[in-house]
Amino acid sequence: MADVVMPQMGESIAEGTIVRWIKKVGDRIDRDEPLFEISTDKVDAEIPSPSAGVLVEIRAKEGETVPVNSVVAVIGEAGAAVAAPAMIETVAAAAPSRVPSAAPPVPVPAPADRPARAAVPAPAVEASAAPPAEGAVALPRQRTSPLVRKIAKEHRLDLARVPGTGLGGRVTKDDILGFMEKGGQAARPIAFPAAPTPGAPTAAVKPGGNVEVVALSVMRKKIAEHMVFSRRTSAHVHSVFEVDYTRVAKIREARRADYERQGVKLTYMSFLMKATVDALKAVPIINSSLDGDNIVYKKDINLGIAVALDWGLIVPVITHAEDKSMLGLSRAIQDLAARARSKQLKPDEVQGGTFTITNPGVFGALFGMPIISQPQVAIMGVGNIEKRVAVMEDAIAIRTKGYLSLGYDHRLIDGAVADEFMSHVKKAIENFDPHAI
Amino acid sequence: MTRRLVVRRLGVVGYADGVELQRALVAQRTAGEIDDTLLLLQHPHVLTFGVKAGESRQHVLATPERLAMLGVELHETGRGGDVTYHGPGQIVGYPIISLKPDRCDVHLYVRDLEEVMIRVAAEYGFQAGRSPGLTGAWVGAEKIGAIGVRIQRWVTSHGFAFNVNTDLDFFRLIVPCGISDRGVTSLRRLTGRAIPIPEVEDHFVRHFCAVFARES
């Protein structure tokens, strides 16, 4: 058996990222034959195999970054047992029946005994000829990170005794540290690896499940990354206001034809954009960013308007919204939305937003709890606008109403300030000056 | 003894042809059949992706239709680094050299390529420098030369791209190397005049030999 380690590709290089495995587990390989590709800085390097044999185990997945000299794979002699790889496609190939007689006797529990662990890859079998140290029972080895194995080794801990909460019951660093803190050294009945604790995350895909796996589109991936990044960055808080649109509904009916003659649709969004721009002028911190210990007030108001696309979501930006009339704003968003749908947007038309409006109401939502588009500090969600029963001076009336929500970054904006901003928007809509359009 | 360097000035070469030529030369260099070689050339308009192609595709801002209209090709490559643009007026250098026995350090190699570009920029009176964490040669906050390298058994391929008379508007199609907040520049933009490519190539050959202790 030979360990394959992340090579030191230069003096100042402490880690490398596996870009691609050229060989699969079970493949034969000659000494010096390219085995995997790594990437450090701007350099991609192809790493040859240190010895001939069979690739028995891959310990670092593609995309994983590991320290120099950590073991990324194991090469065994031809005919060596193949450890179960993490990839589910190959689970079947690594079923216990493949364990050759030359391997040391290893208790391999029948999968049927452990229905709760169906999501865990088939038991890994160490092909090592060395007997398990310390008289520990040779358990199917759980996949763990080099760090976790190192901690376990240093503290002479049997990893099988540590309940794992990671993917597929994997033992994470927190698990092992927590286990030791709770006096994990104390005797505990040695059992087969514990079933995942209730509520622990399980693998998204179970082997043999009736599923279709589809790769994420670039846009989907980008949205996913940004959303998680934003959630992690900002302390999101939401406020919801109810707004009476009856007045603007009337103005809209009256002026619609005027706008249409100029080729522009007069929508509720037109009014909301105008009201928002005025409110941002009144409460400028909503139009700012947080930069370390500084607040960056943006002098321009660049209004991002989320546009739903069949294939995702894009937020074109109306720059210098503060200089535009309601007609100008309406024309701008109409143009941007049309070009977004036909993929004609220029790069700088989706950049530099200072505040965003999103419109979950078009799909019928009463209101949304939107996530901020970084590095902005707030985002307004427009809920469904419809006729509702309302109480007006002790009488029941039919009014056109809808909810407006504001997601804001509590690191910078307190509730009072957010509500002040929202009051401005609400007031502007409810008392809209018909001459302002 | 100074090692010999064969310099081949190829003019304009299609990207795919360039990759194929490098592949062949790497095999020959690995087998010891040829000397260290430096290819100097220009590519027609092309966007190329590094090994993390999935990630770097996000840094293309233009739609496929627009790229097609502009006559810009797309290629995935085996080099390190993110997306970049090559086109007429940009000197592309592909060193096919063996780093054995004394230069087996990928960071050192990248720093050396940067050094060559910095020295060439200095020929025109510009003090280019390195930017911590960002590979390439920078004049102020703008990148004049980019680097993307592949190493197989310590034989190098791919290399550097240095903007001489490049039409920088093409960089607006992408987020160069995934770095969104910094621009690109060229000798032409810096000097305000077009510079003959062969003249700059001469400087590259001289400084490459000096930095890498080779003899052309």
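In the predicted model, the charged end of Arg252(A) is placed over the ring of Tyr268(A), at 4.8 Å from the ring centre. Aromatic rings also meet one another, and the count of aromatic pairs over all chains comes to 11. One of these is formed by Phe160(B) and Phe204(B), which are stacked, with 5.0 Å from centre to centre and 15° between the planes. Because Phe160(B) belongs to strand β10 (residues 155-163) of chain B and Phe204(B) to helix α6 (residues 197-212) of chain B, this pair ties together parts that lie 44 residues apart in sequence. Both partners are shielded from solvent by the criterion of under 20% relative accessible area: Phe160(B) is buried at 2%, and Phe204(B) is buried at 0%. Elsewhere in chain B, Tyr85(B), Phe170(B) and Phe171(B) together make up one aromatic cluster.

Chain A contains seven helices and 19 strands. Of its 437 residues, 43% are buried, and its accessible surface amounts to about 22,600 Å², with 55% of that area belonging to carbon and sulfur atoms. When contacts in chain A between residues at least 6 apart in sequence are considered, 62% of them join residues at least 24 apart.

Several of the strand pairings in chain A involve strand β19 (residues 395-409). Strand β9 (residues 236-244) of chain A pairs with β19(A) in the antiparallel sense over nine bridges, and within β19(A) it is Lys401(A) that stands opposite Asp244(A). Strand β18 (residues 386-392) of chain A is likewise antiparallel to β19(A), with seven bridges between the two, and Met392(A) faces Ala395(A) of β19(A). The hairpin of β18(A) and β19(A) has two residues between the strands, and Glu393(A) in this hairpin adopts a positive phi near 45°. A further antiparallel pairing, over five bridges, joins β19(A) to strand β17 (residues 378-382) of chain A, where Ile379(A) has Gly407(A) of β19(A) as its bridge partner.

An open sheet of four strands is also present in chain A, with the order β1-β8-β6-β3 and antiparallel pairing. Strands β1 (2-5) and β3 (28-29) of chain A stand at the edges of this sheet with a single partner strand each, so one side of each is left without a neighbour in the sheet. The pairing of β1(A) with strand β8 (residues 71-76) of chain A is antiparallel and extends over four bridges, and Val4(A) lies opposite Ala73(A) of β8(A).

The loop between β2 (15-21) and β3 of chain A includes Asp27(A), which is partly exposed at 22% relative accessibility. Apart from neighbours within four places in sequence, Asp27(A) makes contact with Gly53(A), Val54(A) and Leu55(A). The C-alpha atom of Asp27(A) is also separated by 9.6 Å from that of Ala78(A), a residue 51 positions away along the chain.

The backbone shows some less common conformations, given that most residues other than glycine have a negative phi and most peptide bonds are trans. A cis peptide bond, with omega of about 0°, links Gln374(A) to Pro375(A), and Pro375(A) is located in the loop between β16 (355-358) and β17 of chain A. In chain B, Lys100(B) and Pro101(B) are also joined by a cis peptide bond with omega of about 0°, and Pro101(B) is part of the loop between β6 (90-96) and α4 (106-123) of chain B.

Positive phi values occur in loops of both chains, as the following residues show. Asn69(A), although not a glycine, has a positive phi of about 75°; this residue lies in the loop between β7 (65-67) and β8 of chain A and is exposed, with a relative accessible area of 53%. Ala213(B), also a residue other than glycine, has a positive phi near 55°; its position is in the loop between α6 and β12 (214-215) of chain B, and at 44% relative accessibility Ala213(B) is partly exposed.

With respect to cysteine, the count of disulfides over all chains is zero. Among the cysteines of chain B, Cys104(B) is partly exposed at 29% relative accessibility, whereas Cys209(B) is buried, with a relative accessible area of 10%.

How values were computed
Residues numbered from 1 in each chain as written. Chains lettered and ligands numbered in written order. Predicted model: local features only at pLDDT ≥ 70, side-chain atom pairs only at ≥ 80, totals over all residues. Heavy atoms only, no water. Buried < 20%, exposed > 50% of the residue type's maximum accessible area, 1.4 Å probe, protein only. Contact = heavy atoms within 4.5 Å. Areas by Shrake-Rupley, 256 points an atom, 1.4 Å probe, with all protein chains shown as cover. Phe/Tyr/Trp six-rings, centres within 6.5 Å; stacked < 30°, edge-to-face > 60°. Lys NZ or Arg CZ within 6 Å of the ring centre and 35° of its normal. Pairing = 2+ DSSP bridges. Disulfide = S-S within 2.5 Å.
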